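Work through the exercises below with the sequence and the model open side by side, and try each task before reading its solution.

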Amino acid sequence: MPLIDYIPAQTNIHFMRLRHWTFPFSAALSIIAVVLFATYGFNLGIDFRGGTLIEAQTSQQVADIGALREHLTDLDVGDVQIQEFGSPRDVLIRVGAFGTTDEAQQAIITKVRDVLGAEYTVRRVETVGPSVSGELVRQSILALVLGAVAVLAYLWFRFEWQFAVGAIVTTMHDIFVTLMIYSAFGIDFDLTSIAAILTIMGYSLNDTVVVYDRIREMLRRYKKLPLPELLDIAVNATFSRTIIVSTTTFFATLALYFFGGEVLRGFSLAMTVGVVIGTYSTIFVAAPILIHLGLRSSTVAGPAKSEPEAVLGVDEAAKLAEVEAEVLDEPVPPAPANAPAKTAGNKSGKGTAKGSAKGSKGPPARPAKA
């Protein structure tokens, strides 16, 4: 049996009842993120801070980081940072000084190579000047701002304003929590981090739009269904899809974290956390926030449906939603022969009217499969 068969196609979880706990939890995470930003800030990488980055590997079993730090500090090359990079044999050296010309930059690299000596093999050298790093900072901020504006414009024209506000709040929540990981663990924040943030923004938005589209569809159909119950049905209808997609993406990013190398370690960690927090926010932030934004079925654009399901009760609407979620391989069985009301001998036509009235109170017919 395929593994996907173990995931139920239609669940019945009361997600909206948990909003009284998930909202404070999300607010606490956002506050912690802001405090970390103000207190610790970010460990800006070579792309944004400028300087020289050298990756080296020793021929010994373990690199003597203390001795390297002592020798490199005596050099007049500005701030020097040394850390273990991947295996115990690899070291990453950051030199804060940078030359204004190619000759000055090569002189700094030569000094570091002389200190390393023949015991170390230089595997990678990167040098970023002050003008380039400043331009990269401006372009990265511009990319994030334009991405957020594009998201807002799309949602504003695609959905009603309640959906747009909810999606923006959800996306900002995911970005804040992801940035908190960078600040809390001191992960290098460079251009790959910007790529991770933009990727998480798109992933979270896609998941949110899928749920919102289902909610809007049901708002047009079930006019009398209370909003919390309607949101529960909509989220449950897309829950299996959300879990399958999120689990697949999570394992892909997890494999990238363990086997993608040290260079992609920060990017893959941010993506792994972003997938988890994006799935959480789609269910427990994006949908419940519509209740507090005053969403009603009358605010959803589009003509009201005149079918019987437009005025269904809670139980009948839930059953109909389950029927719609099923994939029917067999045709709908014909109605029994004694279903039509008897009209023989009824000259006034009351029997026909009574039979029609009884028929309208029964369960709705299964919708035709598109």
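**Exercise 1. Find which residues line the largest cavity, and describe the lining by element and by class.**

Solution. Begin with the residues themselves: the lining of the largest cavity consists of Ala148, Val151, Ile168, Thr171, Met172, Ile175 and Met201. A cavity is a set of points on a 1 Å grid over the protein atoms alone where a 1.4 Å probe fits but cannot get out, whereas a pocket is an open set with protein on both sides within 12 Å along at least five of seven lines, and lining residues have an atom within 4 Å of a point. Next, assign the elements: α5 and α6 each contribute at least two residues to this lining, and the largest share, 4 residues, belongs to α6. Helices (H or I, at least four residues) and strands (E, at least two) are DSSP runs numbered from the N terminus. Then sort by class, which gives 6 nonpolar residues, 1 polar and no charged; here Ala, Val, Leu, Ile, Met, Phe, Trp, Tyr, Cys and Pro count as nonpolar, Asp, Glu, Lys and Arg as charged, and the others, Gly among them, as polar. Finally, the volume of the largest cavity is about 40 Å³, where a volume is the space filled by probe spheres set on grid points that are joined across faces, edges and corners. The count of cavities of 30 Å³ or more comes to 1.

Before going on, note that this is a predicted model, in which local features need pLDDT of at least 70 and side-chain atom pairs count only at pLDDT 80 or more, while totals for chains, interfaces and linings use all residues. Residues are numbered from 1 along each chain as its sequence is written, and side-chain values use heavy atoms, with hydrogens and water left out.

**Exercise 2. Describe the lining of the largest pocket by residue, element and class.**

Solution. The largest pocket holds about 540 Å³ of space. Its lining has 26 residues, and those nearest the centre are Phe85, Asp188, Asp190, Glu262 and Val263. Two or more lining residues come from each of α2 (46-49), β3 (80-84), β4 (90-95), β5 (120-128), α7 (191-221) and α9 (265-286), with α9 giving the most, 4 residues. By class, the lining divides into 10 nonpolar, 7 polar and 9 charged residues.

**Exercise 3. Which elements supply the largest nonpolar core, and how does isoleucine 215 sit within its surroundings?**

Solution. A nonpolar core is a set of buried Ala, Val, Leu, Ile, Met, Phe, Trp, Tyr and Cys residues joined through side-chain atoms within 4.5 Å, buried being under 20% relative accessible area, exposed over 50% and partly exposed in between (1.4 Å probe, protein chains only). The largest such core has 54 residues, and Leu155, Phe163, Tyr212, Ile215 and Leu230 have the most contacts inside it. At least two of its residues come from each of α1 (19-39), α5 (130-158), α6 (161-185), α7, α8 (227-259), α9 and α10 (289-292), and α7 provides the largest share, 12 residues. Another core, of 15 residues, lies apart from it and includes Ile82, Ile93, Val112 and Tyr120.

Now take isoleucine 215, which belongs to helix α7. Isoleucine 215 counts as buried because its relative accessibility is 0%. Not counting residues up to four places away in sequence, isoleucine 215 is in contact (heavy atoms within 4.5 Å) with Phe163, Leu230, Leu231, Ala234, Ala287 and Leu290. In soluble globular proteins, nonpolar side chains tend to be buried together.

**Exercise 4. Decide whether glutamate 55, glutamate 229 and glycine 294 are buried, partly exposed or exposed.**

Solution. Glutamate 55 lies in strand β2 (residues 51-58) and is buried, because its relative accessible area is 9%. Beyond residues up to four places away in sequence, glutamate 55 touches Phe85, Val91, Leu92, Thr121, Val122, Arg123 and Arg124. Glutamate 229, in helix α8, has a relative accessible area of 33% and is therefore partly exposed. Its C-alpha atom is 9.4 Å from that of phenylalanine 15, although the two residues are 214 apart in sequence. Glycine 294, in the loop between α10 and α11 (314-325), is likewise partly exposed, at 29%.
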